[in-house]
Amino acid sequence: MFKNETLIFRINFLIVLLLLQTSCNVTKFSYDSSESLSSLSGSNSDSGSDSVYGSDVETYTNSTPPVNTPIVQQACSNVTGHRVQDFNYFFPKPQETCNWGNNGNLAIRNGFFQARIEQEQALALENGAIICDIKFSFQKQQFLYDDHFILSFNDALIASSYDFQERLTPSFGLLRYDWSKMAGMTWDNRREGVLCPAGGQCSWPDTDIPGNISINYPSILFQRLMAENLNRNSHSIKFISIGDNDNFDCEHSDINFSMKVDYVVPLQ
Ligand SMILES: [Ca+2]
Ligand SMILES: [Ca+2]
């Protein structure tokens with residue numbers, strides 16, 4: 001009996017290991033030499049499957065965590081005192097094209113990241129609150145974006161339709177949004193995809209196709225982001241839509257989702 005249980009445990013362990021390896025090695029960017037920049041029109045040849053920022057899982061897990069990470073982990077390891085609150089977010093369709101040439105945006109240029117619309121909302125918690133985990137929940141909705149998008153949490157990229165590693169600098173293993181570094185960069189459709197950092201699992205439909213959006217992250221991702229600034233109790237969620245050349249660029253559909261936030265408020 002004991003031996004059987006040990007065997008079953010080992011088999012289960014191997015299966016978990018295999019699953020973990022599979023989830024860490026999903027989609028690499030496919031390369032099709034027939035694709036050219038001039039053919040770009042906002043299509044997403046590569047989306048619809050889980051993906052990671054190439055080798056970024058390794059970069060993230062090997063990166064030095066913020067110095068206060070153990071404080072957050074310790075606070076979150078308490079089984080009592082957790083509070084869970086749901087926050088609903090709505091990022092409306094902008095109803096306008098990119099504001100070409102203004103506010104850091106560049107003029108229209110086909111095949112380059114020229115302009116963006118940023119929408120920002122706050123996640124406000126009480127003073128002293130330490131985020132332990134966040135679970136996202138999207139209702140079924142038509143998800144359109146034109147041409148590309150970024151979803152960020154405290155300016156760390158947590159989902160995007162393009163790999164921006166070429167221009168954006170990682171901090172503690174996560175890319176940080178900075179439009180001034182991205183403006184004018186070449187749009188290479190080999191870098192399109194479903195991008196989700198650091199062991200996250202993301203999927204969404206190709207643009208203009210109704211379907212489910214799903215994004216999910218290990219709790220350590222938010223604990224590390226929390227550890228970057230323990231005093232921060234208002235957090236920022238941004239949806240950024242980016243375009244290159246036409247009147248439909250920088251648009252996206254209405255986006256509804258909720259975030260279930262698990263946090264603790266340690267005594268001061
Ligand atoms: Ca465009
Ligand atoms: Ca477009």
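In this predicted model, the buried residues of helix H3 are covered by elements that include strand S4, helix H5 and strand S18 (255-264). Those buried residues of H3 are Val 72, Ala 75 and Cys 76. They span an arc of only 95° around the axis, and therefore lie on the same side of H3. An α-helix has 3.6 residues a turn, so residues three or four places apart point the same way. The other side of H3 carries the exposed residues Pro 70, Gln 74 and Ser 77.

Helix H5 (residues 219-227) is mostly covered, with eight of its nine residues buried. These are Ile 220, Leu 221, Phe 222, Gln 223, Arg 224, Leu 225, Met 226 and Ala 227. The cover over the buried residues of H5 includes helix H3 (69-77) and three strands, S4 (130-138), S7 (148-153) and S8 (156-162). H3 is thus listed among the elements covering H5, and H5 among those covering H3; S4 is named for H5 and also for H3.

The table sets out the buried residues and the cover of each helix.

| Helix | Buried residues | Cover includes |
|---|---|---|
| H3 | Val 72, Ala 75, Cys 76 | S4, H5, S18 |
| H5 | Ile 220, Leu 221, Phe 222, Gln 223, Arg 224, Leu 225, Met 226, Ala 227 | H3, S4, S7, S8 |

As to the chain as a whole, it contains five helices and 18 strands. Of its 268 residues, 33% are buried. Among contacts between residues at least 6 apart in sequence, 79% join residues at least 24 apart.

Terms used
Residues are numbered from 1 along each chain as its sequence is written. Chains are lettered from A and ligands numbered from 1 in the order in which they are written. This is a predicted model: local features need pLDDT of at least 70, side-chain atom pairs count only at pLDDT 80 or more; totals for chains, interfaces and linings use all residues. A residue is buried if 20 or more other C-beta atoms lie within 10 Å of its own, exposed if 12 or fewer, and partly exposed in between; C-beta atoms are placed from the backbone. Helices (H or I, at least four residues) and strands (E, at least two) are DSSP runs, numbered from the N terminus. Two residues are in contact if their C-beta atoms, placed from the backbone, lie within 7 Å. The arc is that of the directions from the helix axis to the C-beta atoms.
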